[in-house]
Each structure stands twice: as C-alpha cells, then as structure tokens.
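Here are a few short exercises to work through with the structure open beside you. Try each task before reading its solution.

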Amino acid sequence: FSPDDPITREQMAAILYRYAQFKSYDTTASTSLSVYSDSSQISSYATTAMQWANAEGLITGDTATTINPSGNTTRAEVATILMRFVENIA
C-alpha cells in the first residue's frame, strides 16, 4: 500500500471498473486492445478493466499505437477520465 505513489493508467481503470461493478453500472462493454503495441504489458489484474475503460472511451491510447498501461496518469488525464466517467457511466 503506497498512498503517496502516483497512480498508473491501468490502476485507474481497475479502480473505476470495480467501482462501477460495486454501483451495479453496466460493465459489459469490452474491446480488443491488440491495436496497441504495448497491450501485452497490461497486468493480468487490469486486463478486463482496461478493455472496459477503453471500450467506454474513458482511457484511450497515449498515441495511436500505444496505451501505456504502466505510465503514470497526469492530473489532466485523471480529470478527463473522471469527467468522462461521471458524464457517461454514472
């Protein structure tokens, strides 16, 4: 447990995915992440969450070919992801 550590993109997806499940929101959306060259770097615990977050448009690629799952989220990315979550999921 490291409360002062930065949060990665895959951790952000996992948190929101589990919260959506807890609130009984629809979490059935899924998409293949094979279009991203670094999709194999997604941790096993976060794969389903990343597929859901990408399908819902919450987390998109850093570039056209990478999703950067272990990259830290910036404040701007967190704000955008949370705004999309509130507007489209919650």
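The exercises below use a predicted model and move from the overall fold to single residues.

**Exercise 1. Describe the fold: how many helices and strands does the protein have, and in which order do the elements run?**

Step 1: Count the elements; the protein has three helices and zero strands.
Step 2: Read from the N terminus, and the order is α-α-α.

**Exercise 2. Compare the radius of gyration of the protein with that of a compact globule of 90 residues.**

Step 1: For 90 residues, the value for a compact globule would be near 12 Å.
Step 2: The protein has 12 Å, so the two agree.
Step 3: To picture the extent, take the principal axes: the C-alpha atoms fill a box of roughly 30 × 30 × 25 Å.
Step 4: Now turn to contacts with a separation of 6 or more; 75% of them join residues 24 or more positions apart.

**Exercise 3. Characterise the surface and the charges: what share of the residues is buried, and how many side chains are positive or negative?**

Step 1: Of the 90 residues, 32% are buried.
Step 2: The accessible surface is about 5,300 Å², and carbon and sulfur atoms supply 50% of it.
Step 3: There are 5 positive and 9 negative side chains, with 5 Å between the centres of the two sets.

**Exercise 4. Classify the aromatic pair Tyr19 and Phe85: why is the pair tilted?**

Step 1: Searching the whole structure gives three aromatic pairs.
Step 2: In the pair of Tyr19 and Phe85, the ring centres are 6.0 Å apart and the planes meet at 55°, so the pair is tilted.
Step 3: Tyr19 sits in helix H1 (residues 9–22) and Phe85 in helix H3 (residues 75–88), so the pair ties together parts 66 residues apart in sequence.
Step 4: Tyr19 is partly exposed at 38% relative accessible area, whereas Phe85 is buried at 5%.
Step 5: Tyr25 joins Tyr19 and Phe85 in one aromatic cluster.

**Exercise 5. Place Asn54: is this residue buried or exposed, and which residues is Asn54 in contact with beyond its neighbours within four places in sequence?**

Step 1: Find Asn54 in helix H2 (residues 47–55).
Step 2: Its relative accessible area is 14%; buried means under 20%, so Asn54 is buried.
Step 3: Beyond those sequence neighbours, Asn54 is in contact with Thr31, Leu33, Tyr36, Ile59, Thr60 and Ile67.
Step 4: Relate Asn54 to Tyr19 from the previous exercise; they are 35 residues apart along the chain, and 16 Å separates their C-alpha atoms.

Conventions
Residues numbered from 1 in each chain as written. Predicted model: local features only at pLDDT ≥ 70, side-chain atom pairs only at ≥ 80, totals over all residues. Heavy atoms only, no water. Helix = DSSP H or I, 4+ residues; strand = E, 2+ residues; numbered from the N terminus. Rg over C-alpha atoms; globule rule 2.2 N^0.38 Å. Buried < 20%, exposed > 50% of the residue type's maximum accessible area, 1.4 Å probe, protein only. Contact = heavy atoms within 4.5 Å. Areas by Shrake-Rupley, 256 points an atom, 1.4 Å probe, with all protein chains shown as cover. Lys, Arg positive; Asp, Glu negative; His and termini not counted. Charge placed at Lys NZ, Arg CZ, Asp CG, Glu CD. Phe/Tyr/Trp six-rings, centres within 6.5 Å; stacked < 30°, edge-to-face > 60°.
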